Every structure is written in structure tokens, then in C-alpha cells.
Amino acid sequence: MRTLLVLLFSALYCRSAVIEKCLTEQEYLAYTQPKPGELSRRRDLEWYNEERRLVAEKRQIANMHELKYDHGLEKDAKRIKTCEDLKHSYNFRLAQYFTEESELIWYAFSRKAPKSFDYNNFQDYFHPLQTAFIFCNLTIECNIPFQIWTKTTQMAINATIILGYRGTFSESDLKHGPPGSQCTRGKNKKGLCIAPPRSEMETSASKNIFGLSLHIANLTTAAESQTRNQVK
């Protein structure tokens, strides 16, 4: 009887997992192929890399890396068991998941850009140090925070893109300069940095916590300084 209960519980647990399987690279290529009658291009990996190249040119980001499909991220994605788990983790981030902190970091960096910028245009696929990409279908529909102009709302999704292997995002991740000018392993033909091995790019949980605490402290100090200047 006990064995039967364990098996039933395991079956229910597996069925309730939000991410059970992610597409292989071949499956993703087939999924993003235009269907008969479709006029617009689907957002494939090439599209995301082109967006990264364009934003690197516009914002003068020197260390924007190329994204490559990595089915090895599926193991990390399977940590997402419920809709509540569907958020940034210690070694990956969702391509679309709004956080005000990320917006503030992007805003602070973009003020230094030579061209005009929009405050509300940050997407996590602009994170320059992400190098891995995987597409995962969800077993149930989940809501995630999403921003439209200045309004934050909830968006229902049934699939997600996961980017690795950075779980954090800070202004120090963004290097100013001509695109491709600060690549540790050279750049490709489009000017995107060639990715180092995963072991060099991955953020540990301890570094994630330390980096977040340090960044919050810096933001607090900057805010206090601005307040004092306004009082003067």
C-alpha cells in the first residue's frame, strides 16, 4: 500500500511540473520555420542574436555575446516545478520577465549611450553575458510580470525561453565601447563575442547573492546622494 501511494504521488508530481521537456535544437529549428501563409518571420535564435547586435551598436555595448542553443539547459529548466518557480534563478534568467531593478540598471547605463534611448525597452535577451538559449513548452499556462510602457501587468504564457548562465544582472555586466571591443575570446563576423566555456560564464549562488547585495547598496548610496544634492 505504501509503495502504491509513493507511485501515485510521484505520478501526480511529475504531471504537475511546469516544465517537463524543452525542445532540442533540431526541434526548435523546425518549430521556428515559417508556416504556409505566414507573412512575418518567427522569432528564432538568429532573430535574437540580431537584436543583440543592433542594441550593442545603439548603446555601444562592447561585450555583447552571441547566444547559442544549448539543450543542456533543460536540466536547469526542470527545476521549475510550479508557476511560482517560473522566474530568474541563480544560473539562468527568463527572456521575458520584468523586474524594476533590471529597468533601473538599463536606464543608468543607457544614459551614457551616444544615442537616444527608451526607459522601458529592456529585455533580458539584451543581457550581454548570456551565452546559452533554450526554448521550453509549459504544461500549464502561467502568468509572469510584464511591462507595457510604464504599466506593469501580468502576461499569460504557455512557453518560455531560458537564457544561461547568468542569474544576476548588474551595471558592471555592461561594458561601454565599440561592439566586440571587449571580448575575451574574440568575436564572430557580426561583432558578437564568442562565448567562453560554461564554467567561466556561470554565476554561482553565492556570487549571485553577493552581487545583488552590493548592487542594492550602490543604488541606495546613489539615491541618498541625489537627495542631499536636491536639498542643497
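This briefing walks through the overall build of a protein, one of its helices, its paired strands and one of its pockets. Keep in mind that you're looking at a predicted model. The protein has seven helices and four strands, and 40% of its 232 residues count as buried.

**The overall build**
- Start at the N terminus and follow the chain: the elements run α-α-α-β-α-β-α-β-β-α-α.
- Now think about who touches whom. Among contacts between residues at least 6 apart in sequence, 74% join residues at least 24 apart.

**Helix α3**
- Helix α3 covers residues 45-59, so to speak, a run of 15 residues by the DSSP count.
- From its first C-alpha to its last, α3 reaches 21 Å, and that's close to the 21 Å you'd expect at 1.5 Å a residue.
- Plenty of names turn up on the buried list for α3: Leu45, Trp47, Tyr48, Asn49, Arg52, Arg53, Val55, Ala56 and Arg59.
- What covers those buried residues? The cover includes two helices, α2 and α5 (100-110), along with the strands β1 (68-69), β3 and β4.
- Just past the end of α3 sits Gln60, with a positive phi of about 55°.

**How the strands pair**
- β1 and β3 run in the parallel sense, and two bridges link them.
- Look for Lys68 here: its opposite number in β3 is Ala132.
- β3 and β4 pair the other way, in the antiparallel sense, over 13 bridges.
- To find one of the partners in that pairing, go to Phe133, whose bridge partner in β4 is Leu163.
- β3 and β4 form a hairpin with two residues between the strands, and in this hairpin Trp149 takes a positive phi near 55°.

**The second largest pocket**
- This pocket holds about 380 Å³ of space.
- It takes 18 residues to line the second largest pocket, and Tyr48, Gln96, Phe135, Ala159 and Ile161 lie nearest its centre.
- You've met one of those already: Tyr48 is also among the buried residues of α3.
- Which elements each give at least two residues to the lining? They are α2 (25-31), β3 (132-148) and β4 (151-164).
- β4 supplies the largest share of that lining, with seven residues.
- Sort the lining by class and you get 12 nonpolar residues, four polar ones and two charged ones.

Notes: Residues numbered from 1 in each chain as written. Predicted model: local features only at pLDDT ≥ 70, side-chain atom pairs only at ≥ 80, totals over all residues. Heavy atoms only, no water. 1 Å grid on protein atoms, 1.4 Å probe; cavity = no way out; pocket = protein on both sides within 12 Å on 5 of 7 lines; lining within 4 Å. Points joined across faces, edges and corners; volume = space filled by probe spheres on them. Nonpolar A, V, L, I, M, F, W, Y, C, P; charged D, E, K, R; others polar. Expected span 1.5 Å × (residues − 1). Buried < 20%, exposed > 50% of the residue type's maximum accessible area, 1.4 Å probe, protein only. Contact = heavy atoms within 4.5 Å. Pairing = 2+ DSSP bridges.
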